[in-house]
Amino acid sequence: MEYDYRPLPELIPEELLVRAEKLSSPNICDGLTKLKLNPVNYTMDAAIKPVCDSMKIVATASTVDTKDGDNLPIHVGIYNCKPGYCLVVAGKAAEDRAYMGDLMGGAAAAIGLGGIIIFNVSFPIFIVDIYS
């Protein structure tokens, strides 16, 4: 299987993240529209929700594309990240494998990731403990 690993994007300056954290998603989308930027190209699907309403991620996104449920790219994505980033994983709705578990989540927290977003998962995810 061939993988396409890319370098981390440039980290968004902290002062911009602090300002963005005070805004709602619709405010950010309206601002993008006023800048003549299509929000669809710069924001995530509104159907993506946190597992807990009090959770919020404001960070530079590093993206990972999986193939056929293979979680090796997620491992690489976690270990290539640094504090200030969040990992956004494009799942491929594989039903016969888990994308990640406690070890990978613990590694991401230890590295200082702002969070992990996984979309296109075809099964329910249950969580015992939520750390915010």
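## A loop residue with positive phi

Lys-36 lies in the loop between helix H2 (25-34) and strand E1. The model described here is a predicted one. In this model the phi angle of Lys-36 is near 65°, a positive value in a residue other than glycine. Most residues other than glycine have a negative phi. The side of the question that concerns accessibility is also settled: Lys-36 has a relative accessible area of 76% and is therefore exposed, the cut-off for that class being over 50%.

## Overall organisation

The chain contains four helices and three strands. Read from the N terminus, its elements follow the order α-α-β-α-β-α-β. Of the 132 residues in the chain, 23% are buried. Contacts between residues at least 6 apart in sequence were also examined, and 80% of them join residues at least 24 apart.

## The parallel sheet

The three strands form an open sheet in the order E1-E2-E3, with parallel pairing. Its edge strands are E1 and strand E3 (116-119), each of which pairs on one side only. From one strand to the next, the twist averages 20°. Strands of a sheet pair through backbone hydrogen bonds, either parallel or antiparallel.

E1 and E2 run parallel and are joined by six bridges. Within this pairing, the bridge partner of Ala-61 in E2 is Cys-86, and Asp-65 stands opposite Ala-90 in E2. E2 and E3 also run parallel, with four bridges joining them. Here Leu-87 has Ile-116 as its bridge partner in E3.

## Burial along strands E1 and E2

In a regular strand the side chains alternate between the two faces of the sheet. E1 shows such alternation: Thr-60, Ser-62 and Val-64 point to one face and are buried. Ala-61, Thr-63 and Asp-65 point to the other face and are not buried.

In E2, both faces are covered. Tyr-85, Leu-87 and Val-89 are buried on one side, and Cys-86, Val-88 and Ala-90 are buried on the other. Six of the six residues of E2 are buried, so this strand is largely enclosed by the rest of the structure.

## The second largest pocket

The second largest pocket has a volume of about 500 Å³. Its lining comprises 22 residues, and those nearest the centre of the pocket are Asp-4, Arg-6, Thr-63, Val-64 and Asp-65. By residue class, the lining divides into 14 nonpolar, four polar and four charged residues.

Strand E1 (60-65), helix H3 (72-80) and strand E2 (85-90) each supply at least two residues of this lining. E1 gives the most, with five residues. Thr-63 and Asp-65, which lie among the residues nearest the pocket centre, belong to the face of E1 whose side chains are not buried. Val-64, also among those nearest the centre, points to the buried face of E1.

Note on methods:
Residues are numbered from 1 along each chain as its sequence is written. This is a predicted model: local features need pLDDT of at least 70, side-chain atom pairs count only at pLDDT 80 or more; totals for chains, interfaces and linings use all residues. Side-chain values use heavy atoms; hydrogens and water are left out. On a 1 Å grid over the protein atoms alone, a cavity is a set of points where a 1.4 Å probe fits but cannot get out, and a pocket is an open set with protein on both sides within 12 Å along at least five of seven lines; lining residues have an atom within 4 Å of a point. Grid points are joined across faces, edges and corners, and a volume is the space filled by probe spheres set on the points. Ala, Val, Leu, Ile, Met, Phe, Trp, Tyr, Cys and Pro count as nonpolar, Asp, Glu, Lys and Arg as charged, and the others, Gly among them, as polar. Two strands pair if DSSP finds at least two bridges between them. Axes are lines fitted to C-alpha atoms, for helices over the stretch in contact, and angles run from 0 to 180 degrees between N-to-C directions. Buried means under 20% relative accessible area, exposed over 50%, partly exposed in between (1.4 Å probe, protein chains only). Contact means heavy atoms within 4.5 Å.
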